[in-house]
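Q: I am new to this structure and would like a close look at one part of it. Please start from a single residue and work outward.
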Amino acid sequence: MLGGSSSLNGGIYVRGNRKDYDNWAAMGNPGWSFDDILPLFKRAENFFVKDVPEGDAPYHGTGGYFPVSHTYVTDVLPAFIEAGESLGFPYNKDYNGASQRGFSRVQVAAKRGKRYSTARAYLKPVRHRRNLHVLLNTPVSRIVIDESTKTAKGIEYLNEDGSRRFVSATREVILSAGVVASPQILMLSGIGPKKELEKHGILMLSGIGPKKELEKHGIQPIVDLPVGENLQSHAGPGGLYFSFTQKSGLFVPDLLTTDFLPELENYLKTGDGPLSSPTGFEGVAFVNTSHAADPDWPDIELLMGALTIATDGGNFYKRRIGLSDEAWETYSGLKYRGGFGVYPHPTRPKSRGKILLRSANILDHPIIIGNYFKDPDDVKITIEAIRLVLQLGEQPAFKKLGAQFYKQSLPGCRHLEQFTDEYWECHIRQFTYLHWHDGGTCKMGPPSDPGAVVDPTLRVYGVKQLRVADASIMPVMVSANCMAACIMIGEKASDLIKSSQILNTTERATAELR
Ligand SMILES: Cc1cc2nc3c(=O)[nH]c(=O)nc-3n(C[C@H](O)[C@H](O)[C@H](O)COP(=O)(O)OP(=O)(O)OC[C@H]3O[C@@H](n4cnc5c(N)ncnc54)[C@H](O)[C@@H]3O)c2cc1C
């Protein structure tokens, strides 16, 4: 899909914490500290949010391709912020400004209520350039690498008729297929953990072959790198819902009848109203649990949606998150009722998963081993976050709306006493809500880092003319929904590519003069 996940995601724009990037730099990645990358965030951004405090203004840009604005919110947002305040958390008008901490209204990748993907923001304005060619529905099957020089020569792709075609690269190949497919493509090109490649009989240059064939030719993978390791994901519990006694929040049933028509007209005229809402997500909070080591680097994020899983009667949301009929039935008491949900997750989970090849065929989806909540610390932090969510719902601001926590136990946890730590651990594992924020599978790091796949200029170790630029390079996940960081990584990659071209041209010119 053009624009990748940014074309179908929730559109919530969060850059992350300054310390995320300072940590990347401290891990041996010069050029990636917050002070280094802030100009890139500013360059990318066209910031339309009006009421940011003066102190936050220097953190924003207005000349970039990517619009960021506030969209429609309901009466649930002020209650969320007030409830946070009554528990002692600050109201933060701009979590993308000087400080990330506190309770906030979400900023959205949108302009006048119309969502923006990276394709709309970056590709559309330059689509007529003669040096830009985009092939749709065209999977890249591998990067073609010259065996003797270990240089990326181009890519091979599958044509619509199933034939394989080759495109040569004059300068470099840039791989941006995301956290799952970038490692898959690298592995299929002979770059990855030796064992994994041998298992699938992946040959170096001639493409794909059985293990016997590999052994017969005594062929080793081109480069033995920990590709696909270090998978990190924002996982937390779903199912923390509160019902309202009155009609509050994003009341989806109204949008399913002809009452919807005035809203449609309003949206078309003003870009405002419920149709501009990023799937009901209105509030976000970055807060510390008792396990947080640094008060300025929150260890949990709470996302607040002004509807429940069943407000839409099970028509959309249930399918979107792939809930079984049995689990969904647990929430049938919330069908067509107003309410809200809070989704907590650890910002920098310690658990690590991996991506493995299913086969040597690009069309076979790779295996994702999530290992969510494998590290007990992730469970502890999440349980504390759940208790905070329950406290939030008890605050006067929510009680005024008649908020009631929906107490049904999940089918797989009914043998446990409700709301004990054991119960919540079971709930987390039964109803794991993935936020689709993943990173880390082509880790960036210095040469001394045995887990690194790319260097701090995003070049793949051991191969010339090949870089990776997407969420997979994050050495540690950002404490944020990842789209903004991915856009910044794209901006950084463009600077790195341009500066190396300038360097090459200067070197060539100097050589010619000699
Ligand atoms: C449902 C959902 C909701 C989300 N909500 C939010 C949110 O609200 N806010 C936020 O900040 N983040 C959100 N995210 C996360 C965010 O969108 C991603 O982290 C980010 O877009 C990742 O960018 P990327 O460039 O690494 O990869 P992707 O966006 O995944 O792009 C990879 C691209 O590579 C293409 N590709 C893959 N394999 C091949 C191949 N073999 N050949 C050719 N092309 C290939 C894909 O089609 C895709 O276009 C969400 C993600 C999802 C899926």
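Which residues does histidine 435 touch, not counting residues up to four places away in sequence?

A: The model is a predicted one. In it, histidine 435 touches His234, Leu303, Tyr343 and His345, leaving out residues up to four places away in sequence. Histidine 435 is part of strand S20. It counts as buried because its relative accessible area is 7%, and the cut-off for buried is under 20%.

The next residue to look at is tryptophan 436, which also lies in strand S20. Tryptophan 436 is partly exposed because its relative accessible area of 48% falls between the limits for buried, under 20%, and exposed, over 50%. Apart from neighbours within four places in sequence, tryptophan 436 is in contact with Arg320 and Ile321.

Histidine 437 belongs to strand S20 as well. With 10% relative accessibility, histidine 437 counts as buried. Its contacts, again without neighbours within four places in sequence, are Gln232, Ser233, His234, Met477, Ala480, Asn481 and Cys482. One of these residues, His234, is also touched by histidine 435. The side chains of histidine 437 and histidine 234 make a polar contact of 3.0 Å.

Two of these strand residues appear in a record. An unreviewed UniProt entry lists Val140, Trp436 and His437 under "binding site". The three are spread over 298 residues of sequence and are spread in space too, with up to 23.1 Å between C-alpha atoms.

That leads to the ligand. It is surrounded by 26 residues, and the closest are Met1, Ser5, Ile12, Val140 and Met483. Val140 is therefore both in the UniProt list and among the closest residues, where a residue is near if one of its heavy atoms lies within 4 Å. Backbone atoms also come into play. A nitrogen atom of the ligand lies 3.0 Å from a backbone N or O atom of glycine 10. An oxygen atom of the ligand is 3.4 Å from a polar backbone atom of glycine 4. For cysteine 482, a backbone N or O atom lies 3.3 Å from a ligand oxygen atom. Taken alone, the ligand exposes 1,000 Å², of which the protein buries 78%.

Helix H5 (178–188), strand S20 (432–439) and helix H15 (483–513) are the elements that give two or more residues to the shell around the ligand. H5 gives the most, with three residues. By kind, the shell divides into 14 nonpolar residues, eleven polar ones and one charged one. Strand S20, where the walk began with histidine 435, thus also takes part in the shell, as an element counts here when it gives two or more residues.

Strand S20 has another neighbour in helix H14. In H14 (residues 421–430), the buried residues are Tyr423, Trp424, Cys426, His427 and Ile428. These buried residues pack against S20, and also against strand S12 (232–237), helix H12 (376–393) and strand S19 (404–405).

The record also names a domain. In an unreviewed entry, UniProt lists residues 349–490 for "domain: Glucose-methanol-choline oxidoreductase C-terminal". This span is 28% helix and 13% strand, and its end C-alpha atoms lie 24 Å apart.

Two further residues lie in loops. Histidine 200 sits in the loop between helix H6 (194–199) and helix H7 (211–216). Histidine 200 counts as buried, at 15% relative accessibility. Its side chain reaches the backbone oxygen of leucine 357 at 3.1 Å.

Aspartate 75 is the other loop residue, placed between strand S2 (66–68) and helix H3 (76–86). With a relative accessible area of 34%, aspartate 75 is partly exposed. Not counting residues up to four places away in sequence, aspartate 75 touches Ser248, Gly249 and Leu401. Its side chain makes a polar contact of 2.9 Å with the side chain of serine 248. A polar atom of the aspartate 75 side chain also lies 3.1 Å from the backbone nitrogen of glycine 249. Measured against the strand region, aspartate 75 and glycine 439 are 364 residues apart in sequence and 34 Å apart in space, C-alpha to C-alpha.

Methods:
Residues are numbered from 1 along each chain as its sequence is written. This is a predicted model: local features need pLDDT of at least 70, side-chain atom pairs count only at pLDDT 80 or more; totals for chains, interfaces and linings use all residues. Side-chain values use heavy atoms; hydrogens and water are left out. A polar contact is a pair of N or O atoms within 3.5 Å; within protein, one must be able to donate a hydrogen and the other to accept it, and residues adjacent in sequence count only if both atoms are side-chain atoms. Accessible areas come from the Shrake-Rupley method with a 1.4 Å probe; for residues, only the protein chains shown count as cover. Helices (H or I, at least four residues) and strands (E, at least two) are DSSP runs, numbered from the N terminus. Ala, Val, Leu, Ile, Met, Phe, Trp, Tyr, Cys and Pro count as nonpolar, Asp, Glu, Lys and Arg as charged, and the others, Gly among them, as polar. UniProt positions are given in the numbering used here, feature names are shortened, and annotations may be inferred rather than shown by experiment. Buried means under 20% relative accessible area, exposed over 50%, partly exposed in between (1.4 Å probe, protein chains only). Contact means heavy atoms within 4.5 Å.
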